[in-house]
There are 2 protein chains.
Amino acid sequence: MVNGQGDTTLSIGELASRSGVSAEAIRYYEREHVVPAAARGGPGRYRQYDEADVERLQFIRRARELGFSLDEVRELLALNDGSPSRPCTDVNRIARAHLAQVDEKLARLGALRAELDRVISECAGVVPVADCRILSALSGGPASDR
Amino acid sequence: MVNGQGDTTLSIGELASRSGVSAEAIRYYEREHVVPAAARGGPGRYRQYDEADVERLQFIRRARELGFSLDEVRELLALNDGSPSRPCTDVNRIARAHLAQVDEKLARLGALRAELDRVISECAGVVPVADCRILSALSGGPASDR
DNA sequence: GTACACCTTGTAGTGGCTACAAGGTCAATC
DNA sequence: GATTGACCTTGTAGCCACTACAAGGTGTAC
């Protein structure tokens, strides 16, 4: 895709492979107003992108990899696009709130893991189902309670 | 809800409060064939449950709390309901496979947490957005890479 | 002109529910 | 037997962040 000014225009597929975000996801982001609607040659024609769009999509991909929700990504993009002289207090707030959420999730998953491990460790896997400690734990609650 | 034989029949709401599973979730489990269709007084009439259903739902709730998927729960229930003399090899297999998945999730979340923490720790939260290390990490990838 | 890759929009599906809406049932009271 | 009111019924839509199609249109090279 090349226009008349020597600038290379990217198709959605090219943007996808350069940004590491699938074309379907890019269209989804447009629908969800995470990214602005792309320029077009006309209605029903192909979307046209440039290098700035590659960077924007990479930004989104990295934020998503760090677990930020699309709502948070929208906020981070707005801050990134806003006044460069404003202090990044809000960026910090969003990131720290997200970290707190991740920590909570880790704690819950860790507790679950410990309980699951405990339940499993009580069963050798060869006794009859009727005596299986895993099933009895599920049937009657934690063995330590009984 | 009382029938003519002295046995108490439970409504879905009573089953919900006794099992700790919401009535909507119980109906959902029935639709998804996690539990068999409940007895009824007739078409369109109320579902009728008993004590065995309370235990079954508690079993499901505990398995869900340990993070088992509904597919896994279906398997565990089938094993629990099957021949009591069969060895619990399959139960063990399912549980250990699930534990491995949980461990993987924990590892990924832990790595994400570390990266997020690293990114955040580089930013005091008061510098201009233009210099914010969180945003620059999102824009240009991990700082350690550059 | 024709082949072919890529794009377009729209819709449905994922998991495990929750949240409604519009109407029906049940038990108790009058 | 009528009414009240709590609870139930089915059906549908929504959540999150996409992915996976289907049917057809566009862009480009030969």
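1. **What counts as near.** A residue is near a strand if its C-beta atom, placed from the backbone, lies within 6 Å of it. With that cut-off, 21 residues surround DNA strand C in this predicted model. The closest are A:Ser11, A:Gly13, A:Arg47, B:Ala25 and B:Ser69.

2. **Who builds the surface at strand C.** Chain A supplies at least two residues each from helix H1 (12-19) and helix H2 (23-31). Helix H2 (23-31) of chain B also supplies at least two. By class, the residues near DNA strand C are eight nonpolar, seven polar and six charged.

3. **Strand D.** Which residues come nearest to DNA strand D? They are A:Ala25, A:Ser69, B:Ser11, B:Gly13 and B:Arg47, out of 21 residues around that strand. Here H2 of chain A, helix H1 (12-19) of chain B and H2 of chain B each give at least two residues. The surface near DNA strand D divides into eight nonpolar, seven polar and six charged residues.

4. **Symmetry.** What rotation superposes chain B on chain A? A turn of 180 degrees, with 0.0 Å of shift along its axis and an RMSD of 0.1 Å. That is the relation of a two-fold axis. Among the residues of chain B, B:Leu106 comes closest to the rotation axis, with its C-alpha at 3.4 Å. The same surface serves both copies, as 100% of the contact residues of chain B recur in chain A.

5. **The protein-protein interface.** Contacts join 48 residues of chain B to 48 residues of chain A. On the chain B side, the elements giving two or more residues are helix H3 (51-65), helix H4 (70-81), helix H5 (89-121) and helix H6 (133-140). H5(B) gives the most, with 19 residues. This side of chain B holds 27 nonpolar, twelve polar and nine charged residues.

6. **Fold of the single chain.** Chain A has six helices and two strands. Along the sequence, the pattern reads α-α-β-β-α-α-α-α.

7. **Dimensions.** How does the radius of gyration of chain A stand against that of a compact globule of 146 residues? Chain A has 25 Å, whereas such a globule would be near 15 Å. The C-alpha trace of chain A spans about 75 × 40 × 20 Å along its principal axes.

8. **Packing within chain A.** Of its 146 residues, 23% count as buried. Of the contacts in chain A with a separation of 6 or more, 41% come from residues 24 or more positions apart.

Notes:
Residues are numbered from 1 along each chain as its sequence is written. Chains are lettered from A and ligands numbered from 1 in the order in which they are written. This is a predicted model: local features need pLDDT of at least 70, side-chain atom pairs count only at pLDDT 80 or more; totals for chains, interfaces and linings use all residues. Helices (H or I, at least four residues) and strands (E, at least two) are DSSP runs, numbered from the N terminus. Ala, Val, Leu, Ile, Met, Phe, Trp, Tyr, Cys and Pro count as nonpolar, Asp, Glu, Lys and Arg as charged, and the others, Gly among them, as polar. Two residues are in contact if their C-beta atoms, placed from the backbone, lie within 7 Å. Copies are superposed by least squares on the C-alpha atoms of residues with pLDDT of at least 70 in both. The radius of gyration is taken over C-alpha atoms; the globule rule is 2.2 Å times the number of residues to the power 0.38. A residue is buried if 20 or more other C-beta atoms lie within 10 Å of its own, exposed if 12 or fewer, and partly exposed in between; C-beta atoms are placed from the backbone.
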